[in-house]
Amino acid sequence: MRILLIEDDSNKSLQILDFLKSDEVEVELSIEHKRSYQSGLKAIFTEMFDFVLLDMQLPTFDIKHGEDGYKFRELAGMDIMHEVKRKKKKCQFIVITQFEAFGEGDDYTELEDLKKMLIQKFEGLYIDTVYYNPSQTNWKMELRQLIENRML
Amino acid sequence: MSKSSRAQRRAIQRKLSNLKKGGSAISNADLLYSLKYVLNEHQSDHLIEELVDEQYDYILGTPLPNSFQSIRKNGQTYSIDNLEKELLWYKRIILDYQPEINQFLLFKKKFEIQFLHGEYQKSLDTLTHIENNICFSQWSIEKRLLVAEYQTGFKKNKEVLASIISDQNDIVVNILSQYQSIRVERTISHLKYEDILDTYLENYRKRELEEYLLQKLNSFSKYCFEFPGFLLFYENNASVIDRYLMFREIVLQEFAKRNPVINQIKLRTLCLDIFQATDDPVFANIAFGLGASPNINVTSENIDIIRCLDFYTKGEYENCFNNTISILRSNPTIIELYEVLIKSSVRLKNSLKNVFNEGTIASTLLINLSKLLQKEDDFQVTWNNIHKLISNVGRNQWTQKLFAVIQDEFSSYNSDFSNSRFTIGYSDFYNPLLSIAFEERRNSLSFLDKLSSKITESITIDFWMELNTALFEKSRKMELENKQVDGFRGTFYLARAFQAKGEFETSLILLNRLEDQFAYDSKLIFNRLELSHVKSVNYVGNKDYSTGLEFIVNEIIEQPNFRHKLNNDFLIYSIKENEDFINDNLITVPILIHQMLDVREDINSNDLWISYDNFLCSHGFDYPHEIIEKVGLFDLKHVIYFLKHIARQSLFYNSYMFENQDELDNERIEICLRLVEIDPENLREYQDEISEISRDLLIRKGIKQIDESKIYVDVDGIRKTLDSDLKESFNRSINLVNLSIDEIEKLDMSSENVIIPYFGKKDGKQEKGDTTNLRVTSYSRFKQFRDMFYKIRDKFIASNEFGIDTSLSMRIRHGTLLGETRSVYEKYQLVTKVDSKSGSYHKNEYWPNQLNLDEELLNEFNNNLEKFSREVDWISDELKNKWLQVKTEKKLSEGLFDYSYTEDELITLFQEKYGGIEDYYEFFDEVISELWERTELKLGNIREFVSVEIKSLNIKAIDELSQNLKNLIDKNIYSGMIELNKNIISCRTGIDNEFDNIARWFRRTNNRVINDFELDLPIEASLRTLRRFYPDYSSFSPKINLKSNVVFEGEYFTPFSIMLQNLFENIIKHSELECEKLDVHLNAFDLDNRFILELSNNVSKEMDIETRNLKINRTREVLTKEISELTRSEGGTGYPKIKKILKIDLKDNEWNITLSEIENDQFIVKIDFLVDGLAIENDENITN
């Protein structure tokens, strides 16, 4: 099973990658890791993945030596799904986020509402959202469950 | 009368009778409630006759207040929203006070004429007359404030307000007056006023009340009010003037609604009743529209207006021009005539200069309307000027007409409300144009019939009659029979009539013919706008979408100010919904979306991206510049528009084809280069853009170069300083090579290691382990090697001029490190700064405001944040002061730059590497090479340490803060906690990236990307870095006056940038001023082979100048001394570091730094240095 992880936080990435490679997940996974909107989107459009683990907030470009990743995209995950939907690319997404709420002002959305909105907007693309909390292990169980369900 | 209704009346009568007998009373409010809402009109009449005076006075309220204090006294009951009942109740009051209302209407008109003519004193006299002879009112308060502001200004406005506001007033009077006073301010934009008012209205939870205040204070903000019954209810205790004005607006609104609440027959009867009593044309207009045909009195002014319109309709512009001026001078409130006057003046090429007295509102209005209609100057500025005026004055007949004129610049259709019906109905004279606003054509014809019976032989009335007849009789063949009508106008309106009937193709044929026959008229800008609008609607109506799209796009390209009027809902909707009949491969699709970006609220940059990307993909283009390869497929002006306005970095960044910002910029440069070829007319514009982008690219490269040159040692400098000393020692040591073992033993009798074996050189190489080449030498020679090694090493690490510790101090430890890390925390408002006087941390002001914590929680919260600030600063301090330090065998520390070499290590080095070297220069280079090797090793450790250890210390501190705050504050009670948590998580990721970035500083690179530069480049690079370090100073923008063409060698870019960064940072750190209060000037110029920098800035008036001047004097003394340890110390002003840059990096022994003492809150520093040796020769090419 081929998975793409799009995540810019190295600590969170490490946790997720360690978990996916561990014995706790009884599925053999091949994982590719991208760290920005651009590199993630490029991988989706140029390669094939069974599903994508997607962070919501990302820099536009990979942060490299002497580069700051350009504009930070508050809802990069959603932008990626929009592009995939618009270009009718076959791909499925599990959002994995540390945030309980997104956006500001009129765009403010809490996680539960975001889930409902994603189901509505990205039917067939969006699988579910996992709330990641580094100090808890619930996210691992939820993620494992989702991955194993994909296998069925 | 039904049984229940009779019972209700009897119950109220019983209560009234009880009251008279001294029994339990019905309250006045209950009584009013019953009269207004429970009983029918007849019952109320009957009962009112039975009321005692006190009751009658109460239910009437105070219709004629004789002071501001008596406005809104009595006359109120319980809140209800029943429009029909309110209208009937208001009718009763209006009929009762008919003389006062008529008198008011007369003087109101007089006031408005005087106001527009700038006769402010007379207008005040009129207001006084109204107050003394009719009554005080909120209307007169508003006008007093308006005149005060326009006559004298802000101060007078507030003085008048102060004279009105009183504890004795009803609270609503005070509130309305306060906000009316703000609204009339001439210097406040209508958007700003809306912001202020919105903030106030947020306090109101009751939407009805919020709407009432909005109607009174910003009526133009809403077309149609949702709670008209409540609005009338709330105004019921106001003066009869305010009640009448509110009543008239609500009735008009009902008339203009496409689905009115009130039965139209009832509304018509109501209007006829009011019209009979007041002779107010507004109610006649409405009655005509609802099918009545009241008998109207047409004033001589009304007849004169129609005659002017007749002249215009016939195309007799000279007569029209002269007559219109004459009418407008006597009554400048007739907005319809401004338009006629302006259009006639354009035909006649007449000036509008002397129509009104200069400086009057009428004159300003005429100028602005002329600009608007002729699309002169900036459309938005003119539009805003007019909007500002109508917002200041508030709604009345002429401002409503003005509002309609500016609204007409937009193509908008409101499915609930007819703005044109509202506006034309609001007219205080009888205008034939009203006929087109009626739903029923028969009502239009009835109105025009009535008008023509009063105003005979009017070509305008006849013309509208013809058009209405043609529209009304659907089968009738439409052609213009009236030959007197100006040909252009006649054909144009006929085409519009065909459009209204849905005959789009015929309409288009007529319009095309019109453009051929009346080329001059068709090109007049206001005619062309109308023509283009009607044509665009015809194309879409005719389902010829791609032609319509192209037509609209072309018109807007030629006249960008047409974009508001040519905004076509159907086309935009179809594009957004990706309807099949709009093809993705049309270049006009992204162009239209771009043109509509600032016109429509439902269009945003994402829509533009989608249309742009769809277009590129449909043609197989990966990059926008590729369009040039197929330029023949498209209209060239479309390609130019697309590349010039749309294909920009702000869209590219959505594409996965670009991997970094440089690629975005390079694509834009590529496009500009293509634009130069296909649009040479705008060559300069494209060249400027290329220069701007190239400069930006260069600045980014420069900043990158600075980042990459943080680890720096001036090896040449060390060599020059040590050469003479070391050469002598080295040569002496070489002499020892040739001594015999005996001689060596005698030489080193005091030492245990008398003989040192080493590998000699064979074929020019010293190879370890090659025993055939094993040699021995004296310990003395080794000692000499050791001393030379230490000398070079010490200079390498600790020289004030050349060493690594100096560059660490100047380029990392001094400000930069703390700036980088703190900027992330500050971005998320998680840390505060230390108060320089008390040494304690400032309180966090941002989050407590967001969270609204109670006092106990607030203290705990503040303690947590202060602890956090202290902790992250402590980590940075530890990194800076403990770990990013140099360590040697003599200078014992925990420093990670460990350059200590034990004797054993040195012996090994000597044996394996240095013993066989017989050339001094080779020896020196080898030692430097060893030191770099050690440096590389240590840099690797430091990178690891920063990106793992230091990062995890910071992450741990963030996690602790997060947990502590979660334990302390319940997010279910304090909703702001969700936002705070979000910020903490984002900050955590930011810190994660930031320490990876900082770790990358610790590399030894010699990349030089800047080959040569002018001073503006390091200025901008240093400012950008500081703006990043100090988020509160993100708009820090000194005024730069650079008068020099000196081009410097690229190698000096980093020292210049660091020097300028130090200078600017001093201002931020020591001026004690917030960013927006700073006034900083940098003059830079060259004179007689010297470069001069003069930097001046203001300082806080609260500053302790004496102490600061003492510090300046101490710095002056330091600068007179030799470059010292101070260069490697952090904190302070950094002037010793600037001195070091001038003397060592810029190699100038004649440098000057002049620090002036602070005087008049100004600090000035002047620096000058030699240009020779820094600048490239004039005839060299500039390669960047």
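In this predicted model, Asn1160(B) has a relative accessibility of 73% and therefore counts as exposed, the cut-off for that class being over 50%. Asn1160(B) is also a residue whose backbone may catch the eye: its phi is positive, at about 50°, although it is not a glycine. The residue sits in the loop that links strand 12 (1152-1155) with strand 13 (1162-1170) of chain B. These two strands form a hairpin with six residues between them, and Asn1160(B) belongs to the turn.

The hairpin itself repays a look. Strands 12 and 13 of chain B run antiparallel and are joined by four bridges. In one of the pairings, Ile1153(B) of strand 12 has Ile1167(B) of strand 13 as its bridge partner. Ile1153(B) also helps to show how strand 12 is placed, as it lies with Leu1155(B) on the covered face of the strand. Asn1152(B) and Thr1154(B) make up the uncovered face. In a regular strand, side chains alternate between the two faces of the sheet.

Chain A offers a second case of a positive phi outside glycine, at Lys88(A), where the angle is near 55°. Lys88(A) is found in the loop between helix 3 (76-86) and strand 6 (93-97) of chain A. With a relative accessibility of 71%, Lys88(A) lies over the 50% cut-off and so counts as exposed.

Attention now turns to the contact between the chains. Here 34 residues of chain A are in contact with 31 residues of chain B. The area buried between chain A and chain B is about 3300 Å², and carbon and sulfur atoms give 47% of it. Three salt bridges are found across this interface. One of them joins the side chains of Lys87(A) and Asp613(B), with an N to O distance of 2.7 Å. In addition, 14 residue pairs across the interface are in polar contact, both residues of each pair being at pLDDT 80 or more.

On the side of chain A that touches chain B, at least two residues come from each of helix 1 (10-21), helix 2 (37-46), helix 3 and strand 7 (101-102). Helix 2 gives the most to this side, with five residues. Sorted by class, the residues with which chain A touches chain B comprise 14 charged, 11 nonpolar and nine polar ones.

Definitions and conventions. Residues are numbered from 1 along each chain as its sequence is written. Chains are lettered from A and ligands numbered from 1 in the order in which they are written. This is a predicted model: local features need pLDDT of at least 70, side-chain atom pairs count only at pLDDT 80 or more; totals for chains, interfaces and linings use all residues. Side-chain values use heavy atoms; hydrogens and water are left out. Buried means under 20% relative accessible area, exposed over 50%, partly exposed in between (1.4 Å probe, protein chains only). Two strands pair if DSSP finds at least two bridges between them. Contact means heavy atoms within 4.5 Å. Buried area is the accessible area (1.4 Å probe) that two parts lose on being put together, summed over both. A salt bridge is a side-chain nitrogen of Lys or Arg within 4 Å of a carboxyl oxygen of Asp or Glu. A polar contact is a pair of N or O atoms within 3.5 Å; within protein, one must be able to donate a hydrogen and the other to accept it, and residues adjacent in sequence count only if both atoms are side-chain atoms. Ala, Val, Leu, Ile, Met, Phe, Trp, Tyr, Cys and Pro count as nonpolar, Asp, Glu, Lys and Arg as charged, and the others, Gly among them, as polar.
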